[in-house]
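Trainee: Could you take me closely through a single part of this model, the second largest pocket and what lines it, and then set it beside the aromatic contacts elsewhere?

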Amino acid sequence: MNAPITDGDALPLRYHTPASWAAEVLAEPLALLGDHAHLERKAAANALELVNRWPGAVCPDGWVSILAAVARDESVHLQAVSRLLAARGGTLPRVHRNVYASALHGLVRRGQGAHELLDRLLVSALIEARSCERFALLAAGAEDRELGDFFNSLRGSELGHYKVFLHLAGMLVGDGQWQARWEEMLPQRPRPMSKTSKRVIPAAQKSFYDNYHFAPAVIDGKHLRCSGVIGIKMADGSVSTDPAAQFTQAFENLAEVLEEGGASFEDITEMTTFHVGLQANLAAFMAVKDNYIKEPYPAWTAIGITELAVPGGLVEIRVTARLRD
């Protein structure tokens with residue numbers, strides 16, 4: 001179903017994804033590929049589940065074979081994106097949520113027989129159309145040509161699936177009878193993913209994301225949730241043996257993360273610190289802390305531990321900051 005795209009294949013979307021969306025999600029290729037793998041898996045499962053949803057005793061010719069072909073396409077795409085994800089050192093996340101698709105599925109008239117099936121077919125068509133639009137943006141915006149070529153290769157298939165689901169809607173209720181419901185669904189506006197969840201990765205700390213597979217911080221709604229930072233010098237990976245110097249470096253590393261995420265020390269609402277030698281170094285730590293953390297003070301918990309991941313490390317600082325509107 002990988003049909004060529006022509007000028008006559010304009011998508012009916014009422015709202016268009018901004019080009020800036022592609023730049024934001026392409027900055028985190030592993031997260032993007034993991035998200036896409038989940039979507040392909042759900043698309044394959046959806047097509048197979050629709051096979052036995054025909055409301056009558058006998059489904060029309062082509063119903064099963066068409067949906068089976070869609071499921072086969074989506075399974076092939078899942079295999080391809082999973083290979084690409086694994087080749088780049090990524091793994092498939094266990095949990096996935098798509099706000100746009102969830103909102104669309106909320107429109108389905110569940111328990112109403114043919115009406116429910118019609119809605120599911122139209123929702124599937126709309127999701128495929130949106131995917132086709134976004135793959136075009138990703139293909140055009142990717143500086144990584146492997147990623148760009150990959151997403152470009154999927155556009156024709158998604159376009160074909162979009163048309164297939166509308167064709168199946170016509171098989172169910174007759175051509176010309178599904179358009180009114182389609183017009184009700186088209187105004188559904190997708191939420192931009194980047195504003196609800198976004199990884200924050202300062203340039204000097206990108207090696208942590210690439211090598212140890214964690215983000216220095218994540219924007220989660222109106223909060224910036226920071227991973228623990230330690231007093232390591234980013235230039236050479238060394239840790240000072242002087243406690244005050246090490247504590248100062250830790251707060252400087254934290255300042256870099258906060259700034260990259262659009263926050264500052266005064267936006268911190270909660271701080272947890274983990275200390276090797278808590279009693280011996282607490283006074284020195286508090287003296288440095290007070291140079292950065294001013295009134296009104298955040299909630300703070302200090303915990304004594306036996307060691308940190310970096311030899312010689314004395315403190316790890318983890319904070320949550322509230323983002324301003």
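Mentor: In this predicted model, the element that gives the most to the lining of the second largest pocket is helix 8, with three residues. The elements that give two or more residues to that lining are helix 8 (206-212) and strand 4 (229-230). The lining comprises 20 residues, and those that lie nearest the centre of the pocket are Phe208, Phe214, Ile230, Ile232 and Val310. Taken by class, the lining of the second largest pocket holds twelve nonpolar residues, six polar ones and two charged ones, and the space lying in this pocket comes to about 420 Å³.

Turning from the pocket to the aromatic contacts, a search of the whole structure finds 13 aromatic pairs. The rings of Trp54 and Trp63 have centres 5.0 Å apart and planes at 65°, and because planes over 60 degrees apart count as edge-to-face, this pair is edge-to-face. Trp54 and Trp63 are both buried. Elsewhere, one aromatic cluster is formed by Phe247, Phe251, Phe265, Phe285, Tyr292 and Trp300.

Aromatic rings also take part in contacts with charged side chains: the charged end of Arg134 sits over the ring of Trp21, at 4.6 Å from the centre of that ring, while the charged end of Lys289 sits over the ring of Tyr297, at 5.8 Å from its centre.

How values were computed. Residues numbered from 1 in each chain as written. Predicted model: local features only at pLDDT ≥ 70, side-chain atom pairs only at ≥ 80, totals over all residues. Heavy atoms only, no water. Phe/Tyr/Trp six-rings, centres within 6.5 Å; stacked < 30°, edge-to-face > 60°. Buried < 20%, exposed > 50% of the residue type's maximum accessible area, 1.4 Å probe, protein only. Lys NZ or Arg CZ within 6 Å of the ring centre and 35° of its normal. 1 Å grid on protein atoms, 1.4 Å probe; cavity = no way out; pocket = protein on both sides within 12 Å on 5 of 7 lines; lining within 4 Å. Points joined across faces, edges and corners; volume = space filled by probe spheres on them. Helix = DSSP H or I, 4+ residues; strand = E, 2+ residues; numbered from the N terminus. Nonpolar A, V, L, I, M, F, W, Y, C, P; charged D, E, K, R; others polar.
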